[in-house]
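Please look through the model below with two topics in mind: how its helices pack against one another, and what lines its largest pocket.

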Amino acid sequence: MGIGKVAMGQADSDQSVLELPSGGSLGFAGFGDPGGVPCLAFHGTSSSRLMPGWMFPHESLTAAGVRMVGVDRPGYGLSTVPGAAEFSDWPRAVEALADHLGFSRFAVLAHSLGSAFALACGPTLRDRLAVIVIASGMGPLQPGERFRSGTRDDDLYWRLARRQYKWLLNPLCRLSGTMVARSARGDPQRFFEGFSHRLSEADRLTTQRVLAHTSAQPILIADLRESYRQGFTAMAADLLKYTRPWGFRLDEVTTAVHLWHGEQDPRVPLTMAHRLAASLPRCQPHFAAGGHLMACDHTSGILAALTGAF
């Protein structure tokens, strides 16, 4: 296991790599109160273990008494996890990390396409999980469902994934990832202008508020860069997994779930969030104004849900 410390604005992030007993490695980074309530955070697409550093401000985590550990999902950042071919394989790696960190009981939080990875922990880890928090999370697609997102590009990616056209999906994801990674290496101000321009109005306003904290700006850029450290196929792998059976049933997730979703989310329709909430036995939904990044506007409520479960 290699350990390093990287200073990022007001937060010191302990960045480590855990060699897994079953082979492969798991990258993770710590944020917030080192002695606080433990929570493992699973990022979405074009993100990494560094996601908590800009989504949940350091002062908010420490004030709430939360120790949030961002975890690289398979194929992102520093994680390889060759045995995690399906969502239901992921909890074994999560349990190994929790044991390594000394977490006997902990929470998991997921954003966007990290949702299935968090929910998969429910049937396996059971009593070790205090709560599952899902922010702007994707739910299972129904057989034959014609999924519609807020952009033509996303619709194309989902259509190719649904048809399992890996031969076309992989190069398209590589092209879009290359463009994002290249722009993230250039002038930061120009990057953020272009980044904001591609967002919906709700997410543009949220991003402006987040980036008003100058400490968040370098973390967000570093997060994007880390997401493509191993290349550009992890995004395609995510989409393909989500269009297949998840390997577990939602009614097997008996852990308490708090689901947060923006009413103007352009990437995951509100109807899907309602359906996901209704399919979980112990789900408390929180629907509010906002887009796909609405978690940034509701950090106090999300952190209260985490600490209230202990």
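A crossing of two helices is called left-handed if the near helix is turned anticlockwise from the far one by less than a right angle, and right-handed if the turn is clockwise. With that term in hand, and bearing in mind that this is a predicted model, we can begin with helix H7, residues 188–197, which passes H8 in a right-handed crossing. Helix H7 and helix H8, the latter made of residues 201–211, pack at an angle of about 150°, and their axes lie 9 Å apart. Because angles over 145 degrees count as roughly antiparallel, H7 is described as roughly antiparallel to H8. On the H7 side the meeting residues are Phe192, Phe195, Ser196 and His197, and on the H8 side they are Arg204, Thr207 and Leu211. Sorted by class, this contact of H7 with H8 holds three nonpolar, three polar and one charged residues.

Helix H5 offers two further packings to follow. H5 and H6 pack at an angle of about 150°, with 9 Å between their axes, and this makes H5 roughly antiparallel to H6. The crossing in which H5 passes H6 is left-handed. Here Leu156, Tyr157, Leu160 and Ala161 of H5 meet Leu168, Leu169, Leu172 and Ser176 of H6, and the residues of that contact divide into seven nonpolar, one polar and no charged.

How are H5 and H10 oriented to each other? Their packing angle is about 60°, with the axes 8 Å apart, and the two helices are therefore oblique to each other. The crossing of H5 and H10 is right-handed, and the contact is made by Tyr157, Trp158 and Ala161 from H5 together with Met235, Leu239, Leu240 and Tyr242 from H10. The residues of this contact comprise seven nonpolar, no polar and no charged. Tyr157 and Ala161 of H5 are thus listed in the contact with H6 and also in the contact with H10.

The helices H5, H6 and H10 come up again at the largest pocket, which has a volume of about 1,200 Å³. Its lining consists of 39 residues, and Ser46, Asp154, Arg198, Leu199 and Arg267 lie nearest the centre of the pocket. The elements that give two or more residues to this lining are helix H1 (52–55), helix H5 (152–162), helix H6 (166–184), helix H9 (216–227) and helix H10 (234–242). By class, the lining residues of the largest pocket divide into 21 nonpolar, twelve polar and six charged.

Notes: Residues are numbered from 1 along each chain as its sequence is written. This is a predicted model: local features need pLDDT of at least 70, side-chain atom pairs count only at pLDDT 80 or more; totals for chains, interfaces and linings use all residues. Side-chain values use heavy atoms; hydrogens and water are left out. On a 1 Å grid over the protein atoms alone, a cavity is a set of points where a 1.4 Å probe fits but cannot get out, and a pocket is an open set with protein on both sides within 12 Å along at least five of seven lines; lining residues have an atom within 4 Å of a point. Grid points are joined across faces, edges and corners, and a volume is the space filled by probe spheres set on the points. Helices (H or I, at least four residues) and strands (E, at least two) are DSSP runs, numbered from the N terminus. Ala, Val, Leu, Ile, Met, Phe, Trp, Tyr, Cys and Pro count as nonpolar, Asp, Glu, Lys and Arg as charged, and the others, Gly among them, as polar. Axes are lines fitted to C-alpha atoms, for helices over the stretch in contact, and angles run from 0 to 180 degrees between N-to-C directions. Angles under 35 degrees count as roughly parallel, over 145 as roughly antiparallel, 65 to 115 as roughly perpendicular and the rest as oblique. Contact means heavy atoms within 4.5 Å.
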